[in-house]
There are 2 protein chains.
Amino acid sequence: MRKTLLLLLSLCLVHLLHAEDGYNLWLRYKRIDNNNLLLTSYRKTITAIQIKGHSPTMEAVRKELELGLNGLLDTHIPTKDTTTNTLIAGTREALNLEDKPTGPEGFLIISKVINGKHYTIITANTETGVLYGAFHFLRLIQTHQPIENLHITSSPRVKLRLLNHWDNLNRYVERGYAGISIWNWHTLPDYIDDRYIDYARANASIGINGAVLNNVNANATILTGPYLQKVAALANILRPYGIKVYLSARFSAPMEIGHLKTADPLNDTVRQWWQAKAKEIYQLIPDFGGFLVKANSEGQPGPQNYGRTHADGANMLAEAVAPFGGIIIWRAFVYDPQANDRFKQAYNEFTPLDGKFRKNVLVQVKNGPIDFQPREPFSPLFGAMPQTPLMMEFQLTQEYLGQGTHLVYEAPLFKEVLDADTYAKGPNSTIAKVIDGSLYDHTLSGIAGVSNIGNERNWTGHLFGQANWYALGRLAWDHTLSSEQIATEWIGQTFSNDPAVVTSIKQIMLASREAVVNYMTPLGLHHIMGNGHHYGPAPWSNKAPRPDWDPIYYHKADAKGIGFDRTATGTNALQQYQPAVRQLYADSNTCSDQYLLWFHHVSWQHKMHSGRTLWNELCHKYQEGVDTVSAMQHKWEQLKGYIDPERFHQVQMLLAIQHKEAIWWRNVCLLYFQTFSGMPFPANYEQPDHTLEYYQQQHFPYAPGN
Amino acid sequence: MRKTLLLLLSLCLVHLLHAEDGYNLWLRYKRIDNNNLLLTSYRKTITAIQIKGHSPTMEAVRKELELGLNGLLDTHIPTKDTTTNTLIAGTREALNLEDKPTGPEGFLIISKVINGKHYTIITANTETGVLYGAFHFLRLIQTHQPIENLHITSSPRVKLRLLNHWDNLNRYVERGYAGISIWNWHTLPDYIDDRYIDYARANASIGINGAVLNNVNANATILTGPYLQKVAALANILRPYGIKVYLSARFSAPMEIGHLKTADPLNDTVRQWWQAKAKEIYQLIPDFGGFLVKANSEGQPGPQNYGRTHADGANMLAEAVAPFGGIIIWRAFVYDPQANDRFKQAYNEFTPLDGKFRKNVLVQVKNGPIDFQPREPFSPLFGAMPQTPLMMEFQLTQEYLGQGTHLVYEAPLFKEVLDADTYAKGPNSTIAKVIDGSLYDHTLSGIAGVSNIGNERNWTGHLFGQANWYALGRLAWDHTLSSEQIATEWIGQTFSNDPAVVTSIKQIMLASREAVVNYMTPLGLHHIMGNGHHYGPAPWSNKAPRPDWDPIYYHKADAKGIGFDRTATGTNALQQYQPAVRQLYADSNTCSDQYLLWFHHVSWQHKMHSGRTLWNELCHKYQEGVDTVSAMQHKWEQLKGYIDPERFHQVQMLLAIQHKEAIWWRNVCLLYFQTFSGMPFPANYEQPDHTLEYYQQQHFPYAPGN
C-alpha cells in the first residue's frame with residue numbers, strides 16, 4: 001500500500017513539466033491550493049453535475065463545468081444524477097423553475113433544498129445566459145468565494161459587448177503587439193485552430209458577445225464568396241459561446257469587388273448591391289452581427305466622396321441588414337487636415353446628424369476627442385447626440401500606452417471615462433448612462449474594445465495585457481464594478497488568491513495608469529510620440545504628411561509656454577461641452593492639472609496648484625512617473641517565489657524595459673521642452689544622461705504595429 | 001488509507017487540463033505508458049543523477065536530465081551521490097576516465113560497475129558533447145530502448161549543422177507558414193522569450209550547432225550596433241546549448257550603413273570596413289559563427305556589380321572573420337534571366353572558381369539545380385568543385401511541398417540526394433561523401449536546412465513539419481541513418497511507442513513524399529506552381545517579370561509533347577554531370593520516369609516503361625498521388641483513440657486540406673496539359689469536376705510567405 005501511495009504521489013510531478021506560458025489566460029482551473037478547508041467544502045457542495053439539454057451551447061456549458069470543476073477541485077465529478085449536492089445547469093424552461101432570471105443574457109445562480117436534497121442551480125432564460133452563469137460560478141470558486149446559500153442574479157447593462165480586431169487579411173495586425181492575427185484566413189474554413197475555441201471560451205467567460213473580425217481600415221476582399229465561407233466557419237465556432245461575428249465593411253466595396261462605377265449610397269444599384277451582399281451573408285451566417293464602418297477618415301472611402309453624409313452612408317447599410325436583424329456601427333473617428341483643431345471635428349460632423357440615423361445604427365465614439373492617449377478629456381460627442389445610441393470605443397491594444405512592453409492596467413482609464421459627467425441632462429448624466437442607453441432610453445447600446453490579441457503563446461504579448469481584455473468584458477457587462485474589484489478577480493484567477501500576492505499585484509496594477517500618464521504625457525500633454533509607429537517620444541516631430549499627425553501640432557511649445565489653447569481665445573473646442581463641463585476647464589487657474597495643457601497654452605512660469613512653476617511641475621511629474629515604475633518593479637521583486645518562475649521572470653524583464661523607457665520619455669521630453677523654457681532641471685531630480693541630439697538620432701524602422 | 005489513495009489518484013486528472021498543443025516538440029518527456037515492466041526497469045537502473053561541473057552547459061545538462069527523467073520515469077530522481085545505480089554526466093576530464101569519446105562533439109555512454117556499484121556514464125571531450133550524450137540517453141528512454149549494458153559512441157559526420165532562418169527584421173518570414181519569426185527583434189535584447197531557450201534545447205537534442213538568424217535576402221540593419229546587441233543576447237542564450245549564431249550579410253552593407261560609396265570587394269576602404277565590423281561583432285560575440293551570403297542572385301547586390309567574382313566577394317569577408325575563427329558560407333543559388341537554362345548557371349559560374357576560395361569559405365548549394373522542387377536531380381555542382389568544401393542546403397519550410405498544410409516527410413528526399421552517386425571519383429562518390437568532406441578530404445563540412453519554424457504554438461504550423469526539422473538534425477549528425485529509423489525515433493518521442501501506432505504513422509510519413517511528387521509534379525515536371533506565393537498549380541503562368549519564373553519556361557508543353565530538352569539537342573545541361581550520370585538520363589527511352597521531363601521533351605504518345613503513353617501515364621501518376629493521400633487519410637482515421645484528440649483532429653483537418661489540394665493539382669494540371677495533348681482522360685480515373693477556366697479565375701492574394 002505504501003508503495004502504491006508513493007507511486008501515486010509521484011504522479012503529481014508531471015505538473016512540473018508544464019511551464020506557465022499564459023495560454024490559459026484567467027481560465028487556468030488549477031487545484032485550489034493553500035486552502036484545504038475551502039477545497040473540502042467545495043467538494044462537499046458539488047459532488048455531481050447535471051446538464052439539461054444537448055445543444056452546442058449546453059455542450060459548451062458541460063465541457064466548461066467539467067474542465068473547471070475537475071481542475072479546481074482536483075477530483076472527478078461525475079455528470080449524473082446523484083442523491084444530493086448536485087450542480088444543475090439549464091434554461092428556466094428546461095428546468096421548469098419558478099425563479100425568474102432577467103433578460104435574454106442574464107442568469108440566476110441559486111442554492112436550493114428540494115425534498116431534503118441540496119442543489120446548486122445555474123439557470124437563465126437562454127442557453128447563452130446559462131453559459132454566462134456557469135462561467136460566473138467557476139469564477140466564484142477560482143476566486144475562493146463561498147458557494148453555499150447562493151442567490152445571485154446578474155444581467156448585462158450594455159447590449160453589444162464587442163472586440164474590434166484591427167486584423168488584416170495577411171494576418172498583420174495594425175497596432176498589434178502580440179504577434180500576428182489569430183485568424184488564419186489562409187487555412188480557413190477547413191482548418192479550425194484550437195485557439196478559436198479558446199478565444200470563444202475566454203470571451204464568453206467575461207460576457208463579450210461579438211467580434212469584429214477584420215481591421216476598420218478594411219479590405220473589400222473579406223466580403224467575397226471565398227472569404228465569407230471562412231467567416232462562416234468562425235461564426236460556427238463562436239456561436240455556441242454566444243458570440244456573433246461582425247465585419248468591417250469597406251465603403252467602396254461595390255466598386256472594388258462588385259465592379260460598379262460608384263459607391264454612392266443614394267445610387268440604386270449600389271443599394272441593391274449591398275442588399276444582395278447582406279442576403280448572401282445572412283444565408284451563410286443567419287446570426288451575423290452586422291457591419292462596422294470607418295468612412296471618410298484617414299483616407300478611407302465614404303459617403304462624403306459623393307457629397308453625402310455619414311447618415312446617408314450608414315442608413316444605406318442599415319437598410320440592407322435590417323431585414324435580418326443586423327446592426328450598423330458607424331465610427332465617429334473623423335478629422336480633416338484642413339481643420340484648425342482635430343479635437344472638434346467629430347462633434348462638428350456628427351451632431352448635426354443626430355436623429356437622422358436608422359434605428360439599427362450605432363455611432364461608435366472613441367473615449368477621447370483625439371486618439372487613445374494615456375489621458376484624454378471625454379469626447380464632447382457623449383451626451384450631445386440624444387437621439388442616437390452611442391457606442392464606446394476603448395483601445396485594449398496599448399498603441400499609446402507602452403505598446404507590448406509596458407504594464408498598464410487600463411480599467412482606471414475606462415472607469416474615469418465612464419464615470420465622467422457630461423451634464424447633458426443635468427448633473428449625474430454620466431457617460432456610463434449615455435453608453436448603456438439609460439440616459440436617453442435607447443434599446444441599443446454598446447461598448448467595444450480594440451483588441452490586443454495576437455498569436456503569441458500568451459495571446460497579448462504582455463501578460464498584463466490580459467487584464468485589459470478581461471476588464472473590458474467585465475465593465476461592458478457591469479460598468480459599476482470598480483477597477484479594484486476587477487483587478488482582484490483577475491489576479492485571483494490568473495496568479496493566486498493569496499491575500500499578500502493579490503494586494504501587491506493590485507497595487508502595481510492600480511498605480512500603473514497614472515504612471516504612464518506621468519512618464520509620457522503629464523499635465524495634459526498629448527500625442528507627442530514618434531510618428532507612424534507611435535513608439536517612444538518624439539516631441540520635435542514636424543514632418544508628417546499631415547500637420548495633425550505631428551507632435552508640435554499638439555504641444556505648441558514656444559518661448560512663452562506650452563499647451564493647446566482650446567478656450568475662447570483659441571480654437572474654442574471647449575464650447576462643445578455643456579457649460580458645467582466647460583466651467584471645469586475654462587480657466588487655467590482652476591482647470592485641474594490633469595487637463596491643463598489640453599485646454600491652455602500657459603507660461604513656463606505658470607503657478608500650479610502644487611505651488612511649483614509649470615516647468616518645475618513638468619519635471620516633477622515626469623520624475624514621478626519614473627519613480628512609480630521603480631516602485632512597481634520593487635513590489636514585483638517581492639513576489640519572487642510566490643508565483644511561478646516563468647511568469648515572474650517574464651514580467652520582471654518587461655518592467656525593466658518599462659523603467660528604461662520611462663526614463664527615455666522623461667529625458668527626451670524634458671530636454672526638448674527645455675529648449676523652449678530655457679530653465680534648468682531642478683537639482684533634486686535625476687538628470688538626463690544623454691543629449692537631445694543623441695535621442696533624436698535614434699530610429700526604429702521595425703517597431704511593430706505600424 | 002483508501003480515501004488517501006482515491007484522493008491521490010484524482011491528482012492525475014490534472015493531466016487532462018493540458019491539451020496537446022505540440023509546443024513540446026519531441027521533448028515531451030511523458031511518463032512511460034503501457035509498459036510497466038520497462039518503467040520499473042528504468043527506475044531501477046537510474047536512481048540518482050550526478051552532474052560534474054557547474055558551467056552554463058553543464059547546468060543545461062542537469063536541467064534536461066532532471067526534466068526528462070522525472071517526466072519519463074514519473075518519479076523524483078535526486079541529484080546526489082548514492083550507493084549505486086547513479087547516472088553520471090561530465091567531461092572526460094571532469095570524470096577522469098580512461099574511455100575515449102571521439103572528437104570535439106562526440107560522446108560516449110557507457111554502463112560500468114566500479115567497486116560493485118552500477119553506473120551509467122555520459123561523457124565527452126567537451127561539455128557540448130556531454131549535452132549531446134544526455135539528449136541521446138533521454139532519446140533511448142523516450143523510444144523505449146534498453147539502457148543496461150550500454151556502450152554507445154557517436155560523433156557527428158558533418159561539422160556545421162545549421163538552420164537558416166529566412167526571417168526579416170519586422171518578423172515576417174519569407175516562405176514561412178508557421179506564423180512570424182520567433183525572433184522578436186523589437187523586445188531584444190532586454191526580453192528573453194522562453195521560446196529562445198526551448199529552441200536551443202530542441203536543436204541541441206538533434207545536434208544542430210548553428211543558426212543563421214536572418215533572411216538571406218538580407219537587411220544591412222542587422223549589422224548596426226543596436227541590432228548586434230540583440231544578436232549578442234540571442235548568442236548568450238544559445239551558447240550553452242552548443243549553438244553558434246551566424247548572420248546573413250548584405251553585400252552592400254558598407255554603403256547602406258557604412259556610408260561608403262562602393263562595396264567593391266577589392267576596395268581597401270571596403271575591406272577595412274568589413275574587418276572593423278567583424279572585430280565589433282566578435283567583441284560582442286566571441287564565438288560568432290560567421291556570415292551567410294546571397295550575392296548577385298534575384299536582385300541581391302554582390303561582387304559582380306563591380307566586375308569581381310564570387311570568390312573575390314567571399315574572400316574579402318573570409319579575410320575579415322578569419323582572425324576570429326569565423327566562416328563564410330557563400331550561396332551558389334544564382335541564375336540569370338538571360339541564360340537559356342536556369343539549370344546550368346550555378347555550375348557555370350562556380351566551377352571556374354574552384355580552388356580560388358579562402359580556407360574558411362564554404363559554398364552552399366541547394367540540393368537540386370532549380371529550387372527545392374518535390375523532386376530534382378542533384379545539382380551538378382556536387383562533385384564538380386573538388387577543392388572547395390560544399391555545404392548542402394535543404395529546405396525544411398515546404399515552399400513547393402504543400403507549404404503549411406501538407407504532410408510531407410522530407411527525409412526520403414534528403415536521403416535520395418545524399419545517396420545519389422556523382423561518380424566524381426568513380427563509383428560510390430555519393431553526395432553524402434562530398435558533403436561530409438570525406439571524398440576530397442576537407443576539414444570543413446556542412447548541412448543547412450531552411451527553417452520551417454515560426455511563432456505558432458506548435459512551431460511549424462503542421463505538426464508533421466516538426467519531423468522535417470528533426471530529420472535534418474539527425475541526418476546532419478549521421479547521414480547513414482535511414483528515413484525509417486528517423487521516423488521511428490520521431491514518432492516514438494512525439495506520439496507513442498505503441499508498435500501499431502508507430503507502424504501506421506510511419507507508413508503515412510514514408511508514403512508522403514512520393515505522394516506530393518505525384519499529385520504536383522510527376523515524371524520530372526517542375527516549377528509549375530502559382531507565381532510569387534508558389535501556392536497551388538498554375539502551369540499556364542507566363543507573365544512573371546522574368547521568363548525563368550514562369551511555369552511555361554519549365555514544362556514547355558506544346559502540341560507535340562512536354563518536357564525540357566536538356567540533352568545535346570537542347571540546352572545540354574546534362575553535360576555538367578559525369579559521363580556515368582549523364583548516361584542515366586541521356587536517352588528518353590532509358591531515362592527513369594522520375595526524371596524524364598527534367599531532361600526530355602517527349603511526345604504525348606511516348607511509350608513509358610509501364611507500357612502506357614506519356615499522356616496516360618501522366619493521368620495515372622496524378623491519380624496515384626491523390627489516391628496515396630486518400631490512403632494516408634484512411635490510415636490516420638484508424639489512429640483515432642490511440643493518440644490525443646487535439647493532435648488527432650489537427651492532422652485530420654490538414655489531411656483533408658491536402659486531399660482537396662491534391663485533387664486541385666491533378667485537375668488543373670491535367671486540364672491544362674490536355675489543351676496541348678488533345679487526348680481524353682482515361683475513363684478509369686476520377687474526372688475533373690470543374691473547368692480549366694474555373695481554376696484560372698481563382699486568386700490567392702494573401703497566400704502566406706510570399
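Select A:Asp371 to begin: at 5% relative accessibility, this residue counts as buried. Keep in mind throughout the tour that you are looking at a predicted model. A:Asp371 lies in the loop between strand 11 (361-366) and strand 12 of chain A. Show its surroundings and, leaving aside residues up to four places away in sequence, you will find contacts with A:Phe333, A:Arg342, A:Lys366, A:Glu376, A:Glu399 and A:Tyr400.

Why start here? The UniProt annotation "active site", from an unreviewed entry, covers A:Asp371 together with A:Glu298 and A:Glu399.

**Next stop: A:Glu298**

Is A:Glu298 buried or partly exposed? With a relative accessible area of 30%, A:Glu298 is partly exposed. Look for A:Glu298 in the loop between strand 9 (290-293) and helix 10 (310-321) of chain A. Its contacts, again not counting residues up to four places away in sequence, are A:Phe333, A:Tyr335, A:Arg546 and A:Trp549. A:Phe333 is worth a label of its own, since A:Glu298 touches it and A:Asp371 touches it too.

**Zoom out: two annotated domains of chain A**

Now color residues 141-459 of chain A, where UniProt (unreviewed entry) places "domain: Glycosyl hydrolase family 67 catalytic". Over this range the chain is 26% helix and 13% strand, and the C-alpha atoms at the two ends are 24 Å apart.

Give residues 460-685 of chain A a second color; for these, UniProt lists "domain: Glycosyl hydrolase family 67 C-terminal", also from an unreviewed entry. Here the chain is 53% helix and 2% strand, with the end C-alpha atoms 35 Å apart.

**Into helix 12 of chain A**

Select residues 411-419 of chain A, which form helix 12. Since 7 of its 9 residues are buried, helix 12 is largely enclosed by the rest of the structure. The buried residues are A:Ala411, A:Pro412, A:Leu413, A:Phe414, A:Lys415, A:Val417 and A:Leu418. What do they pack against? Turn on strand 12 (390-395), strand 13 (446-450), helix 13 (431-435), helix 14 (465-477), helix 15 (483-494) and helix 16 (499-520) of chain A to see the elements they pack against.

**Over to chain B: a pair of helices**

Switch to chain B and display helix 16 (residues 499-520) with helix 20 (residues 614-637); their axes come within 8 Å and cross at roughly 155°. That makes helix 16 of chain B roughly antiparallel to helix 20 of chain B, and the crossing is left-handed. For the side chains at this contact, try sticks on a few from helix 16, including B:Ile505, B:Ile508 and B:Ala515, and a few from helix 20, including B:Tyr622, B:Val629 and B:Trp636. By class, the contact residues divide into 11 nonpolar, 6 polar and 3 charged.

Keep helix 20 of chain B on screen and add helix 21 (residues 645-677) of chain B: the two pack at an angle of about 170°, with axes 9 Å apart. Helix 20 and helix 21 of chain B are therefore roughly antiparallel to each other. Their contact has 18 nonpolar, 8 polar and 3 charged residues.

**Last stop: B:Thr153**

Finish in strand 5 (residues 151-154) of chain B, where you will find B:Thr153. At 45% relative accessibility, B:Thr153 counts as partly exposed. B:Thr153 touches B:Phe107 and B:Leu108, not counting residues up to four places away in sequence. For a final distance label, draw a line from the C-alpha atom of B:Thr153 to that of B:Pro265: they are 112 residues apart along the chain and separated by 45 Å.

How values were computed
Residues numbered from 1 in each chain as written. Chains lettered and ligands numbered in written order. Predicted model: local features only at pLDDT ≥ 70, side-chain atom pairs only at ≥ 80, totals over all residues. Heavy atoms only, no water. Buried < 20%, exposed > 50% of the residue type's maximum accessible area, 1.4 Å probe, protein only. Helix = DSSP H or I, 4+ residues; strand = E, 2+ residues; numbered from the N terminus. Contact = heavy atoms within 4.5 Å. UniProt positions renumbered as here; feature names shortened; annotations may be inferred. Axes fitted to C-alpha atoms, helices over the stretch in contact; angles between N-to-C directions. Parallel < 35°, antiparallel > 145°, perpendicular 65-115°, else oblique. Left-handed = near helix turned anticlockwise from the far one by under 90°. Nonpolar A, V, L, I, M, F, W, Y, C, P; charged D, E, K, R; others polar.
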